[in-house]
Amino acid sequence: MDATEKPLQIDFGSDEQEIHRLAIQHEVMKSAFPSLILAPIDLSRPGLKILDSATADGLWLRDIQSLVATPHSFIGTDINPNVFPASPTEDIAFQVQDITKPWPAELAGEFSLVHSRNGLAGCGAFPVSEAVKNLVGLLKPGGWIQIEEMDFQRVKDIPGALHELADLLDAMFSAVGAHWGYASQLEEWLVEAGLVDVEVKVIDVPYGKACVDGDIAKKSVYAFVLGAKAVCIGAKALQVQGFTNDQLETLPDRLEKYLVEVGAKGPMVCVWGRKPL
C-alpha cells in the first residue's frame with residue numbers, strides 16, 4: 001500500500017471511552033466559548049432544522065435543545081452508529097454519514113443551521129475543501145453554517161511538548177496524504193462556496209494551569225492527554241518517520257507535566273457564514 005493510501009485512523013478506545021472523552025472535551029470548549037452558536041441565527045423562530053456533523057452521541061445538539069423554548073428538529077450524523085444514544089431525546093434524530101461521501105439528496109437545501117466541530121480531520125486524504133462544500137450544500141437559502149477546528153499550526157509557536165505534538169500531527173497527516181493546516185482556510189472556502197456575512201473568530205481554549213476554574217483545568221488536562229495518547233499510538237501504527245519510540249512513549253506524560261505546571265491555550269478557529277436568500 002502506498003503511503004498516501006493509508007487511512008488516518010486514531011483509536012480513542014472503546015465507544016464508551018470516546019463518548020466520555022468527548023463529553024469532557026465539550027465541557028472544556030463550552031467553558032471557553034461565549035456561546036455554543038456564534039452565527040447570528042434567530043433561534044426564536046419556530047421549526048428550524050439543525051444538523052450537527054460528527055455528532056458522536058449528540059451532546060452538542062442536546063445542549064442547544066435545552067437552551068431554546070421554541071421546538072426545532074435536530075439531526076446528528078456520524079460515521080460510527082455505535083456512539084448514537086439508545087434512546088434519543090425527542091426531536092433529535094441520528095443517521096450514519098461519512099463526510100467523505102455524498103450526502104443524501106433529500107437533505108440538500110434543508111437546514112437552517114449546519115454545525116461541525118473538530119470533525120474535518122476525519123477526511124483523511126479526501127479534500128477538506130470538498131467536505132466543507134458538501135456541508136454548505138445542506139443549507140437552505142438564508143441558512144447558516146458554523147465550523148470550529150483546532151489550529152495546530154498556531155501551536156507550533158509554543159516551544160516544547162506542544163510544538164512536538166503539532167509536528168507529530170503534521171507528520172501523520174502527511175503520511176496518509178491528508179491536508180494539514182486547513183483551519184486557516186475555512187473562511188476562504190466558505191466565501192468560495194458563495195456564502196455571505198462570513199466571519200471568523202479565534203477562541204483560545206485554556207488547558208491546565210491556563211484555566212481559571214480548577215475543575216475545568218483538571219478535566220482539560222485529562223481529555224487532552226487521552227487524545228495525545230491515542231495520537232502517539234496511531235503514529236506508531238503508521239510508522240511515522242522522524243520520531244523515536246521513546247519520544248512517542250513519553251510525549252503524553254511530558255504534555256501532562258507541561259499543562260499542569262505551565263498551561264497552554266489551544267486556538268480554535270471558528271467560522272460562520274450564510275447562504276444568500
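**Group meeting: a cavity, a kinked helix and a few single residues**

Let's start with Ala131: setting aside neighbours within four places in sequence, Ala131 touches Ile99, Leu120, Cys123 and Phe126, where contact means heavy atoms within 4.5 Å. Before I go on, this is a predicted model, so local features need pLDDT of at least 70, side-chain atom pairs count only at pLDDT 80 or more, and totals for chains, interfaces and linings use all residues. Residues are numbered from 1 along each chain as its sequence is written, and side-chain values use heavy atoms, with hydrogens and water left out.

Back to Ala131, then. Ala131 sits in helix α3, residues 128–136; helices here are DSSP runs of H or I with at least four residues, strands are runs of E with at least two, and both are numbered from the N terminus. Ala131 counts as buried because its relative accessibility is 2%; buried means under 20% relative accessible area, exposed over 50%, and partly exposed in between, with a 1.4 Å probe and protein chains only. Ala131 and Val191 are 60 residues apart in sequence, and their C-alpha atoms are 14 Å apart in space.

Ile99 turns up again with Ser53. Ser53 belongs to strand β1, residues 49–53, and is buried, at a relative accessible area of 2%. Apart from neighbours within four places in sequence, the contacts of Ser53 are Thr77, Ile99, Trp103, His115, Ser116, Arg117 and Leu135.

Now for some loops. Is Pro71 buried or exposed? Pro71 is exposed, because its relative accessible area is 57%, and its loop runs between α2 (59–67) and β2 (73–78). Beyond neighbours within four places in sequence, Pro71 contacts Pro46 and Gly47. From Pro71 to Pro46 is 25 residues in sequence but 6.1 Å in space, C-alpha to C-alpha.

Two other loop residues have a positive phi without being glycine: Asn118, near 50°, and Gln239, near 55°. Asn118 lies between β4 (111–117) and α3 and is partly exposed, at 29%. Gln239 lies between α7 and α8 and is exposed, at 60% relative accessibility.

That brings us to α8. How far apart are the end C-alpha atoms of α8? They are 25 Å apart, which agrees with the 24 Å that its 17 residues, 245–261, should span at 1.5 Å a residue; the expected span is 1.5 Å times one less than the number of residues. There is also a kink of about 45° at Leu251, shortly before Pro252; the bend is the angle between axes fitted to the seven residues ending there and the seven starting there. The buried residues in α8 are Leu248, Leu251, Pro252, Leu255 and Leu259, and they pack against α5 (161–175), β6 (196–207), α7 (214–238) and β7. After α8 comes Gly263, with a positive phi near 85°.

Last stop, the cavity. The structure holds one cavity of 30 Å³ or more, and the largest has a volume of about 50 Å³. A cavity is a set of points on a 1 Å grid, over the protein atoms alone, where a 1.4 Å probe fits but cannot get out, and lining residues have an atom within 4 Å of a point. The points are joined across faces, edges and corners, and the volume is the space filled by probe spheres set on them. The lining of the largest cavity includes Phe152, Tyr207, Lys265 and Leu259, the last of these being one of the buried residues of α8. Which element gives the largest share of that lining? It is β7, with three residues.

Definitions and conventions
1 Å grid on protein atoms, 1.4 Å probe; cavity = no way out; pocket = protein on both sides within 12 Å on 5 of 7 lines; lining within 4 Å.
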